[in-house]
Amino acid sequence: MTLSKSDPVPRMRAEDRRELVLEAATAVFGERGYFGATTDGIAKAAGVSQPYVVRMFGTKEALFLAVLERALDRLMSTFRGVVADNPDADPETLPKLIGQAYGELLADRGLLLSLMHAFVLGTDPVIGKAARTGFREVYDFLRGEARFTADEANEFLASGMLINTLIGLRMADEIDDPRVRDLILCAAPTKSDVLVDLARELPA
């Protein structure tokens, strides 16, 4: 149906506008970190006013906590979806499937890096506590629902952190260096092309 000039323009639902702000905030926090990001910058990225962002979330801290919760929810729903879709996967196959699912999240640079920013704020009494709770939830999932051994959980978390670090460093910008190429291939042998594409798509 085509709207005429006299027809009212449909308004975005409150939950959709909230998701729009959270998506923009995830990208901005991911790039600039908690202290570098501002509610004004997030509002501009979302295409809304800064007072609207403040009205919706109250403080930058509350907005960052909402971004952290959203990122963890997406991470855990992705992992749990793998377990649900592969109920008969053997103990050797399931870690690979979950690792592949994690690789699919690489395209959302802001999501992974906003998690990393939260993880280094351990001394913050509010954000640090929320980040520790989220990290523990990931570990509990790996050891419980996913049936990882302690060594498998350790390897999975270490590999994920290395990949996140490479993304944060924009290491793929130096892909012409043979040492960097080797590092990326070792860290993400099946997703190295994703890391390179991310570097090419992002502004300098």
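**Notebook: the largest cavity and isoleucine 42**

I began with the walls of the largest cavity, and noted that helix H4 (60–85), helix H6 (109–119), helix H7 (127–143) and helix H8 (150–169) each supply at least two residues of its lining. I keep in mind throughout that this is a predicted model.

I then asked which helix gives the largest share of that lining. The largest share comes from H8, with five residues.

Going back to the search itself, I recorded that the whole structure holds two cavities of 30 Å³ or more, and that the largest cavity has a volume of about 140 Å³.

I listed the residues lining the largest cavity, which are Leu75, Phe79, Tyr102, Leu115, Phe119, Phe135, Val138, Phe156, Leu157, Gly160, Met161 and Asn164. Sorted by class, this lining has ten nonpolar and two polar residues, and no charged residues.

Next I turned to a single residue, isoleucine 42, which I found in helix H2 (residues 39–46). Is isoleucine 42 buried or exposed? I entered isoleucine 42 as buried, because its relative accessibility is 0% and the cut-off for buried is under 20%.

I looked up the surroundings of isoleucine 42, leaving aside residues up to four places away in sequence, and found that it touches Val21, Ala24, Ala25, Val28, Phe29 and Leu63. I also checked the spacing between isoleucine 42 and leucine 22, which are 20 residues apart in sequence and, C-alpha to C-alpha, 8.8 Å apart in space.

Key:
Residues numbered from 1 in each chain as written. Predicted model: local features only at pLDDT ≥ 70, side-chain atom pairs only at ≥ 80, totals over all residues. Heavy atoms only, no water. 1 Å grid on protein atoms, 1.4 Å probe; cavity = no way out; pocket = protein on both sides within 12 Å on 5 of 7 lines; lining within 4 Å. Points joined across faces, edges and corners; volume = space filled by probe spheres on them. Helix = DSSP H or I, 4+ residues; strand = E, 2+ residues; numbered from the N terminus. Nonpolar A, V, L, I, M, F, W, Y, C, P; charged D, E, K, R; others polar. Buried < 20%, exposed > 50% of the residue type's maximum accessible area, 1.4 Å probe, protein only. Contact = heavy atoms within 4.5 Å.
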